[in-house]
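Subject: Structure handover

Hi there,

As promised, here is the structure we talked about. Please open it alongside this note, and the findings follow below.

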Amino acid sequence: ARQRLFSQQATGREESIRAGREAEQRVAEDLGRALNGDWVLLRGYRNRRGEIDGLLLGPAGLFAYEVKYHNATVYITGDDWQSEKFDRYGNQVRDRTPMRDKGGRSPSEQLNEPVVMLTDWLRKRGHQVAAASVVLLVHERARVGLKRSPTVEVETSVQGLLHLIERS
């Protein structure tokens with residue numbers, strides 16, 4: 001019989017998942033400090049089309065956001081997202097590659113699909129609600145390169161999301 005060996009060292013995938021969860025937690029905490037009691041934050045909303053990291057509902061409307069924690073420069077053309085990754089010292093470690101989830105969806109598709117299903121569900125029940133979809137690139141060295149015809153708002157900080165809310 002084979003014996004499984006367990007390592008105390010996290011794999012790269014495990015480390016990436018942990019960093020993403022921590023980034024989502026920091027975003028929620030920052031929003032909690034910045035917004036007053038007129039706002040409600042729902043974390044981890046899920047429907048058949050996917051998961052939304054956070055839904056903010058308040059006086060300025062409904063905002064759905066997806067958090068991405070990548071040390072990368074992101075290039076966006078519509079729903080086509082690509083990234084160039086860097087190490088912690090700023091050295092490029094990977095040429096431009098598509099940003100896709102396991103289902104082959106870009107971050108904007110990953111967010112927009114469940115948002116459309118949610119707003120359709122609300123509309124069928126008499127609630128005319130439009131949702132603003134926002135992808136947050138929250139790694140401290142994340143950058144947005146060329147951006148053409150994005151299907152979502154793209155911000156590189158919680159402050160960017162808050163400014164978007166103020167303008168609504």
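Two strands count as paired here if DSSP finds at least two bridges between them. With that in mind, the open sheet in this predicted model has five strands in the order β1-β2-β3-β7-β9, and its pairing is mixed. The edges are β1 and β9 (153-155), each of which pairs on one side only. Neighbouring strands of the sheet are turned by 30° against each other on average, with direction ignored.

Within that sheet, β2 and β3 pair in the antiparallel sense over five bridges. If you want a spot to check the register, look at leucine 57, whose bridge partner in β3 is leucine 62. Helix α1 packs on the sheet, where it touches β1, β2, β3 and β7, and its direction makes about 145° with that of β3. Helix α3 lies across β2, β3, β7 and β9, and runs at about 135° to β9.

Now for the chain as a whole. The protein chain comes to three helices and nine strands. Read from the N terminus, the order of elements is α-β-β-β-β-β-β-α-β-β-β-α. The chain has 168 residues, of which 38% count as buried. Its C-alpha atoms fill a box of roughly 60 × 45 × 30 Å along the principal axes. Among the contacts with a separation of 6 or more, 51% come from residues 24 or more positions apart.

Helix α1 deserves a visit of its own. This helix covers residues 12-34, 23 residues in total, and reaches 33 Å from its first C-alpha to its last, close to the 33 Å expected at 1.5 Å a residue. Which residues of α1 are buried? They are Ala19, Gly20, Ala23, Val27, Ala28 and Leu31. An α-helix has 3.6 residues a turn, so residues three or four places apart point the same way. That is worth keeping in mind when you look along the helix. The buried residues of α1 pack against β1 (40-47), β2 (50-58), β3 (61-68), β7 (131-137) and α3 (158-167).

The helix also turns up in the largest pocket, which holds about 1400 Å³ of space. Its lining has 39 residues, and Arg13, Ser16, Ile17, Gly20 and His70 lie nearest the centre. Two or more lining residues come from each of α1, β1, β2, β3, β5, β6 (92-98) and α2 (107-124). The most come from α1, which gives 11 residues. Gly20 therefore appears twice in this account, as one of the buried residues of α1 under the 20% cut-off on relative accessible area and as one of the residues nearest the pocket centre.

Next, strand β4 (residues 72-77). Five of its six residues are buried, so β4 is largely enclosed by the rest of the structure. With strand β5 (residues 80-86), β4 pairs in the antiparallel sense over six bridges, and alanine 72 stands opposite lysine 85 of β5. The two strands form a hairpin with two residues between them, and glycine 78 in the turn has a positive phi of about 60°. Strand β4 also runs parallel to strand β8 (residues 143-148), joined by four bridges. In this pairing, threonine 77 stands opposite arginine 148 in β8.

Two single residues round things off. What is the phi of serine 149 near? The value is near 50°, which is positive in a residue other than glycine. Most residues other than glycine have a negative phi. Serine 149 sits in the loop between β8 and β9. Its relative accessible area is 61%, so serine 149 counts as exposed.

Glycine 44 lies in strand β1. At a relative accessible area of 38%, glycine 44 is partly exposed. Apart from its neighbours within four places in sequence, glycine 44 is in contact with Glu51, Ile52 and Asp53. Alanine 64 is 20 residues away from glycine 44 in sequence, and their C-alpha atoms are 11 Å apart in space.

Happy to go through any of this together once you have had a look.

Best wishes

How values were computed: Residues numbered from 1 in each chain as written. Predicted model: local features only at pLDDT ≥ 70, side-chain atom pairs only at ≥ 80, totals over all residues. Heavy atoms only, no water. Expected span 1.5 Å × (residues − 1). Buried < 20%, exposed > 50% of the residue type's maximum accessible area, 1.4 Å probe, protein only. Contact = heavy atoms within 4.5 Å. Axes fitted to C-alpha atoms, helices over the stretch in contact; angles between N-to-C directions. 1 Å grid on protein atoms, 1.4 Å probe; cavity = no way out; pocket = protein on both sides within 12 Å on 5 of 7 lines; lining within 4 Å. Points joined across faces, edges and corners; volume = space filled by probe spheres on them.
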